[in-house]
Amino acid sequence: MEPMNDKRDHDLGMDRPITRRDFLNGMAVGLGSTALSSYLTGCTRGGVLDAMPGPHGAGYSPPAESGLRGDHLGSFEAAHGLRDGTFWQTVGSPTSTDATYDLIVVGAGISGLAAAHFFRKQAGDKARILILDNHDDFGGHAQRKEFHAGNRLLLSYGAQSIESPSLFSAESKGLLTDLGIDVQKFYHYFDQKLYPSMKLGSGMFFDKETFGEDRLVTGFGAIPHQQFFAKAPLSEKARHDIVRLYTEKVDYLAGHTLEQKKAILAKISYADFLTKIAKCTPEVVPVFQTRSHDLFGVGIDAVSCAALYEEGDDYGYGYPGLDAAMGAGGNRGMHKPEPYIFHFPDGNASVARLIVRSLIPDAIPGHTVEDVVLAKCDYGRLDEPGSPARLRLSSTVVRVQHDGDPASAREVQVTYARNGKLYQVRGRTCVLACYNSMVPYLCREMPAKQKEALAYPVRAPLIYSHVAIRNWTSFHKLGVFQIAAPGSYHVYAAIDFPVSMGAYQCPKTPEEPMVVFMVRTPCMPGLTQREQHRVGHQELYDVTFETLERNIRDQFARMLGGGGFDPAGDIEGITVGRWAHGYAYSPNSLFDPDFADDELPYVVGRKPFGRITIANSDAGGIAYMDTAINEAYRAVQELAHYQS
Ligand SMILES: Cc1cc2nc3c(=O)[nH]c(=O)nc-3n(C[C@H](O)[C@H](O)[C@H](O)COP(=O)(O)OP(=O)(O)OC[C@H]3O[C@@H](n4cnc5c(N)ncnc54)[C@H](O)[C@@H]3O)c2cc1C
């Protein structure tokens, strides 16, 4: 960390000891000189070798790590070396390890874990399965985070919730059932009355850089829009137009049929809709600009109205005007038939942990969906020689190749980098549940058209920051549980979902410690969605933890100062989930060609290739858990004939 440079840093608490540093971008300096110097050595030798300490022995607990997590240091260097063409120049020959597996899975996200689950169901409990992942924890985006604040454990998450489970396919529902998850029980776990009973609602923070002054306005949705926006630092014209959008029932596309309206809305961004169709002053655009960030990874300049209309937003601020534009017969909310409550305290990490517990029971103790929430994973047992299913972390796969002609080969060789060394394992079959864009670097002999299709999607970069605070009296005093901050570094902040399961009880009184969730998606309006994601990737690669921490503290001070929040004294811990390759890419009707169904890049890309099949949410072109599960199921089905 750079030395403190001014009084502002001191006031913000940049010099305070909290459970997030003294980290070198997420790697504990306190690891000891051997681990640190081996990490530094790995970097110096071309910066392409994995260098995480391992094997994972007693006491090793990645969820308890804080600082820069998600794509942590040590997880991406080998993959970047492959991309840059520098990897193979810096490594020697691989060491062959282990016997042959029935299945090797690349990627321990929900999709890779689900593939292992489906394969075992099909091939039997004795099937030998190896799962490899480049991170130091399993779950992919569904990564668990733990804080110790005050005298208690607080959990938080990467992938947040099970979204609309009633729409899941039979296979996805079946997996939840196999794991013992009864989604109806979330109506009991999630206390939907807690925050309303405390009169906590929604606010918007207007920052001075964007809106001329810092102002938190509270009561969104609880007081009339006219009253709410009268308090916002906006011109009279902007206020009038926004209130008009929320309240008037004008069919902005009158005279068009429903099909014509859908076609028009598929080709116009919400930013253009506001100014060109609803005829608002351009001053309203910044109020809405970042509203789509959390679900789409880009602002309203780069998302079609049709996509926003169908998807809605999880936090209830909405996209005013679209209902009126669609008139009668629209299908708003077709993706959201249920409340947004299907949330484990550690998000979808509990789903990942339940799959791991069923595959490797010795690693995670317990038997119920409730007790998995507090169960401590023994990372040392994930990869034991006697176990039919093994999970190997900090292992970046760099080559996946049939041992001969893919049509007749009997095995697949999988090479991976771990702790600066190369290893090779063999599998009768292989599921690639890693990112689509990674596959062409791994399977060089794939047909060119398939590689081109796999390289097409660009995943959305996201930052999910979690901040443990001493108490939430400031939120209580201000009367908010969530704040949209359209111009700020993080565009949304909220105290945690009020979910209690088994022995884990969520904070229920403002005097207790709490975790605040914040989201940022770096992008660059004016470019296409894929171009914006690439710009965001670079920002995430370059950003330091110090920058993130300073921005978090500064934003807390400015948003919550009126409630008495003291960033120097009230912040107990910070964990930043940096997800450079976040949401799977869905074709965007504003920028992408109108692909025929069988020419969609993810359809062409997911074709089986000999004994190698493709899973991951990328293969379904949708960034949801059920897509990840559905694609795992398909990928395993495609391998069925190799099991006989
Ligand atoms: C911040 C965030 C929040 C989200 N919230 C939700 C939510 O609330 N609900 C929801 O349904 N979905 C959510 N999603 C979408 C999420 O991506 C999917 O739900 C699902 O978890 C994706 O699983 P996956 O296995 O397809 O991919 P991933 O989770 O990306 O897993 C793939 C794994 O493969 C690894 N890998 C890649 N290349 C290699 C290699 N060469 N060698 C070894 N390993 C490799 C990756 O590092 C990763 O660990 C969220 C995503 C993000 C980023």
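**Close-up views of a predicted model**

The protein has a mean pLDDT of 91, and 91% of its residues reach 70 or more. The model is predicted.

**View 1. Two stretches have pLDDT under 50.** One covers residues 21–55, where pLDDT stays under 50. The model gives residues 21–55 69 contacts beyond four places in sequence. The other stretch is residues 329–334, also with pLDDT below 50. Beyond near neighbours in sequence, residues 329–334 have 12 contacts in the model.

**View 2. Strand S19 is covered on both faces.** S19 spans residues 514–520, and 7 of its 7 residues are buried. In a regular strand, side chains alternate between the two faces of the sheet. One side of S19 carries Met-514, Val-516, Met-518 and Arg-520. Val-515, Phe-517 and Val-519 are on the other. The residues on both sides are all buried.

**View 3. S19 pairs with strands S16 and S18.** Strand S16 covers residues 460–469 and runs antiparallel to S19, with 7 bridges joining the two. Ile-469 stands opposite Met-514 of S19. Strand S18, residues 492–495, is also antiparallel to S19, and this pair has 4 bridges. Here Ala-493 has Met-518 of S19 as its bridge partner. Both partners named in S19, Met-514 and Met-518, belong to one side of that strand.

**View 4. Helix H19 has a buried side and a face turned away from it.** H19 runs over residues 448–455. Its buried residues are Gln-450, Ala-453 and Leu-454. They lie on the same side of H19, because they cover an arc of only 100° around the axis. An α-helix has 3.6 residues a turn, so residues three or four places apart point the same way. The buried residues of H19 pack against helix H18 (439–442) and helix H24 (601–605). On the face turned away from the buried side, Ala-448 and Glu-452 are exposed.

**View 5. Four strands form an open sheet.** The order is S4-S14-S13-S12, and the pairing is mixed. Strand S4 (95–96) and strand S12 (396–402) stand at the edges. Each has a single partner strand, so one side of each is left without a neighbour in the sheet. S12 pairs with strand S13, residues 412–418, in the antiparallel sense over 6 bridges. Val-400 has Val-414 in S13 as its bridge partner.

**View 6. Glu-411 sits in the loop between S12 and S13.** Several contacts of Glu-411 come from beyond four places in sequence. Among them are Gln-401, His-402 and Asp-403. Glu-411 also touches Thr-100, Arg-426, Gly-427 and Arg-611. Gln-401 and His-402 fall within the span of S12, residues 396–402. Ile-612 is 201 residues from Glu-411 along the chain, yet their C-alpha atoms are separated by 9.8 Å.

**View 7. The largest cavity is lined by 16 residues.** The whole structure holds 4 cavities of 30 Å³ or more. About 170 Å³ of space lies in the largest of them. Which lining residues lie nearest its centre? They are Thr-290, Arg-291, Tyr-315, Ala-484 and Tyr-492. Helix H14, residues 293–296, gives the most to the lining, with 3 residues. Tyr-492 falls within the span of strand S18, residues 492–495, and S18 is one of the strands paired with S19.

Terms used: Residues numbered from 1 in each chain as written. Predicted model: local features only at pLDDT ≥ 70, side-chain atom pairs only at ≥ 80, totals over all residues. Heavy atoms only, no water. pLDDT = per-residue confidence, 0-100. Contact = heavy atoms within 4.5 Å. Buried < 20%, exposed > 50% of the residue type's maximum accessible area, 1.4 Å probe, protein only. Pairing = 2+ DSSP bridges. Arc of directions from axis to C-beta. 1 Å grid on protein atoms, 1.4 Å probe; cavity = no way out; pocket = protein on both sides within 12 Å on 5 of 7 lines; lining within 4 Å. Points joined across faces, edges and corners; volume = space filled by probe spheres on them.
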